[in-house]
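I open a fresh page for this model. The plan is to start at the ligand and work outward.

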Amino acid sequence: WSPEQVTVLFVLGGPGAGKGTQCAKLVRDYGFKHLSAGDLLREEQDRPGSEFGEMIKTYIKEGTIVPMEVTIQLLENAMKKSMEEEGKSLFLIDGFPRKLDQAHAFERSVVPSKFTLFLICPESVMQERLLKRGETSGRADDNAESIKKRFKTFVETSMPVVDEFEKQGRVVKVEAVQTPDEVYEDIKGKLREKGV
Ligand code: UP5
Ligand code: MG
């Protein structure tokens, strides 16, 4: 396949900003293929025989960024599979890139994104959501200690990616504090403006 055949939108925002929730709505209405980098890493972590399982587990618990070679390979494989098996060419890549090296490598070696949808949410709101989800999610990083580390990584390591895309005029910002449906209405309006 060639980059001309596919459209990629990145969906970024802090931990618990609602990336997965909004992506599910976009899949329903627009026929995107949703690829969550975090979900792909958790699947790989649990895949019997994976040589990366233990490493991924440690990074996720500590809220740090798994080396990009692993994540980019998982994303590329998933894109390829989706194109071959489902004929999809419109991708929402959720929670990636979250470090500048990943952003540069992916856009150079896989495909440049059309733009990034960025969900803006205060930490206090995100923390409340994640702690609540942690009561039932079973996610190893939905606890107060890991959440604090995830927030630190987001500010120090992931925001520079958004800042760089923003300087290039490639970020669409949406406030993500309202109800999921209200946030989604905003997203649809902004996508319309972008011609999606
Ligand atoms: N919720 C959602 N929207 C709401 C709203 N508007 N009002 C009220 N509640 C709302 O939502 C989180 C919770 O909030 C849910 O309970 C939801 O119902 C509720 P969700 O849609 O899941 O938010 P999301 O932004 O997807 O949160 P998530 O926890 O998935 O974000 P993270 O970015 O922390 O998680 P991710 O899975 O992307 O990454 C996990 C880890 O993987 C990273 O910390 C890192 O260690 C690793 N990783 C990498 O190393 N590299 C990568 O490229 C990606 C991940
Ligand atoms: Mg998510």
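I count a residue as near a molecule if its C-beta atom, placed from the backbone, lies within 6 Å of it. I also note that this is a predicted model.

**Ligand shell**

I looked up the surroundings of ligand 1 and found 29 residues around it. Pro15, Gly18, Thr21, Gly38 and Gly95 come nearest. I sorted the shell by residue type: eleven are nonpolar, twelve polar and six charged. Then I asked which helices each supply at least two residues of this shell. They are H1, H2 (37-46), H3 (53-62), H6 (123-134) and H8 (180-193).

**Annotated site**

I checked the UniProt record, an unreviewed entry. Its "binding site" annotation covers Gly16, Ala17, Gly18, Lys19, Gly20, Thr21, Arg133 and Gln178. I picked two of the glycines for a closer look.

Gly18 sits in the loop between strand S1 (7-13) and helix H1 (19-30). Is Gly18 buried or exposed? Gly18 counts as buried, because it has 24 C-beta neighbours inside 10 Å. I set aside residues within four places in sequence and listed its contacts: Gly13, Leu119, Ala176, Pro180 and Val183.

Gly20 belongs to helix H1. With 15 C-beta neighbours inside 10 Å, Gly20 counts as partly exposed. Not counting residues up to four places away in sequence, Gly20 touches Ser36 and Asp94. I followed that pair into the strands.

**Strands**

Ser36 stands opposite Asp94 in S3. I traced the pairing of their strands: S2 (residues 33-36) and S3 (residues 90-94) run parallel, with four bridges. Leu35 has Ile93 of S3 as its bridge partner. S3 also pairs with S1 in the parallel sense, over five bridges. There, Val11 has Asp94 as its bridge partner in S3.

I wanted to know why S3 is largely enclosed by the rest of the structure. The reason is that four of its five residues are buried.

I then looked at side-chain directions in S2. Lys33 and Leu35 point one way, His34 and Ser36 the other way, and all are buried. In a regular strand the side chains alternate between the two faces of the sheet.

**Core**

I turned to the largest nonpolar core, which has 41 residues. Which of them touch the most other members? They are Val11, Leu35, Leu75, Leu92 and Ile93. S1 gives the most to this core, with five residues. In soluble globular proteins, nonpolar side chains tend to be buried together.

I opened the contact list of Leu92, leaving aside neighbours within four places in sequence. It holds Leu9, Val11, Cys23, Leu26, Phe32, His34 and Leu35.

**Past S3**

I checked the backbone after S3. Pro97 lies in the loop between S3 and helix H5 (100-109). The peptide bond from Phe96 to Pro97 is cis, with omega near 0 degrees.

**Asp141**

My last stop was Asp141, in the loop between H6 and helix H7 (144-167). Asp141 is buried, because 20 other C-beta atoms lie within 10 Å; the cut-off for buried is 20 or more. I then looked at its separation from Gly63. The two are 78 residues apart along the chain, yet their C-alpha atoms are separated by 7.3 Å. With neighbours within four places in sequence left aside, Asp141 is in contact with Ile60, Lys61, Gly63, Ser146 and Arg150.

Note on methods. Residues are numbered from 1 along each chain as its sequence is written. Chains are lettered from A and ligands numbered from 1 in the order in which they are written. This is a predicted model: local features need pLDDT of at least 70, side-chain atom pairs count only at pLDDT 80 or more; totals for chains, interfaces and linings use all residues. UniProt positions are given in the numbering used here, feature names are shortened, and annotations may be inferred rather than shown by experiment. A residue is buried if 20 or more other C-beta atoms lie within 10 Å of its own, exposed if 12 or fewer, and partly exposed in between; C-beta atoms are placed from the backbone. Two residues are in contact if their C-beta atoms, placed from the backbone, lie within 7 Å. Ala, Val, Leu, Ile, Met, Phe, Trp, Tyr, Cys and Pro count as nonpolar, Asp, Glu, Lys and Arg as charged, and the others, Gly among them, as polar. Two strands pair if DSSP finds at least two bridges between them. A nonpolar core is a set of buried Ala, Val, Leu, Ile, Met, Phe, Trp, Tyr and Cys residues joined through C-beta atoms within 7 Å.
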